[in-house]
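Trainee: I have a new model open and I'm not sure how to read it. Could you walk me through it?

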Amino acid sequence: MAKRRVIDKRRAKKLARERMDILFGLAREVFASEPELARRYVVLARRIGSRCNVRLTPGDKLSVCRNCNALLVPGVNCRVRTHARRVVVTCLDCGGVRRVPVTRERRGKLNKAPLVNTG
Ligand SMILES: [Zn+2]
């Protein structure tokens, strides 16, 4: 039987976060020319996150379609509207809708997300 390499959890999580950041950076870089490759990077980043129990950063979480894993860029492949105290993000690739409530408690979090600069 093959010897199993033991990496302590904290190190594994740190490594996972690093790799997810790199993949999201790459996804944003190639999105304009190769959206399918960007989608692949997003899939890989999400998979690493789920394996290592690491969440996406709030900004990354909002710029990904849960349904089809597309990287969402407002004005390009997603529609961002406000409706009934919610930010409604519609993926134009698959039609998936994401509603994010805007409440007093979450305002701080939302301001950090890239969604605010929709123009
Ligand atoms: Zn989608």
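Mentor: Sure, let's begin with a pair of helices: α1 passes α2 in a left-handed crossing. Keep in mind that this is a predicted model.

Trainee: How do people describe two helices that pack together?

Mentor: Two packed helices are described by the angle between their axes and the distance between the axes. Here, helix α1 covers residues 9-30 and helix α2 covers residues 35-52. They pack at an angle of about 165 degrees, and their axes are 8 Å apart. Angles over 145 degrees count as roughly antiparallel, so α1 is roughly antiparallel to α2.

Trainee: Which residues of α1 and α2 meet?

Mentor: From α1, look for A12, K13, A16, R19, M20, L23, F24, L26, A27 and V30. Facing them from α2 are L37, A38, Y41, V42, L44, A45, I48, G49 and C52. Sorted by class, the contact of α1 with α2 has 16 nonpolar, 1 polar and 2 charged residues.

Trainee: Okay, on to the strands. What order do they take in the sheet?

Mentor: For a sheet, read the order of the strands, then their directions. This one is an open sheet of 3 strands in the order β1-β2-β3, and the pairing is antiparallel. β1 (78-83) and β3 (97-101) are the edge strands, each pairing on one side only. From one strand to the next, the twist averages 20 degrees.

Trainee: How many bridges join β1 to β2?

Mentor: There are 6 bridges between β1 and β2, the latter being residues 86-91, and these strands run antiparallel. Try picking out two pairs: H83 has R86 in β2 as its bridge partner, and V80 stands opposite V89 in β2.

Trainee: And what links β1 and β2 along the chain?

Mentor: β1 and β2 form a hairpin, with 2 residues between them. Check A84 in that turn, where phi is positive at about 50 degrees.

Trainee: What about the other side of β2, where β3 sits?

Mentor: β2 and β3 also run antiparallel, joined by 5 bridges. R86 turns up again here, with P101 in β3 as its bridge partner. β2 and β3 form a hairpin too, with 5 residues between them. In this turn it's G95 that has a positive phi, about 85 degrees.

Trainee: Last one: which residues of β2 are on the covered face, and which on the uncovered one?

Mentor: Follow the side chains along the strand. V87, V89 and C91 make up the covered face of β2, while R86, V88 and T90 make up the uncovered one. So V89, the residue opposite V80, belongs to the covered face.

Methods:
Residues numbered from 1 in each chain as written. Predicted model: local features only at pLDDT ≥ 70, side-chain atom pairs only at ≥ 80, totals over all residues. Pairing = 2+ DSSP bridges. Helix = DSSP H or I, 4+ residues; strand = E, 2+ residues; numbered from the N terminus. Axes fitted to C-alpha atoms, helices over the stretch in contact; angles between N-to-C directions. Buried ≥ 20, exposed ≤ 12 C-beta atoms within 10 Å, placed from the backbone. Parallel < 35°, antiparallel > 145°, perpendicular 65-115°, else oblique. Left-handed = near helix turned anticlockwise from the far one by under 90°. Contact = placed C-beta atoms within 7 Å. Nonpolar A, V, L, I, M, F, W, Y, C, P; charged D, E, K, R; others polar.
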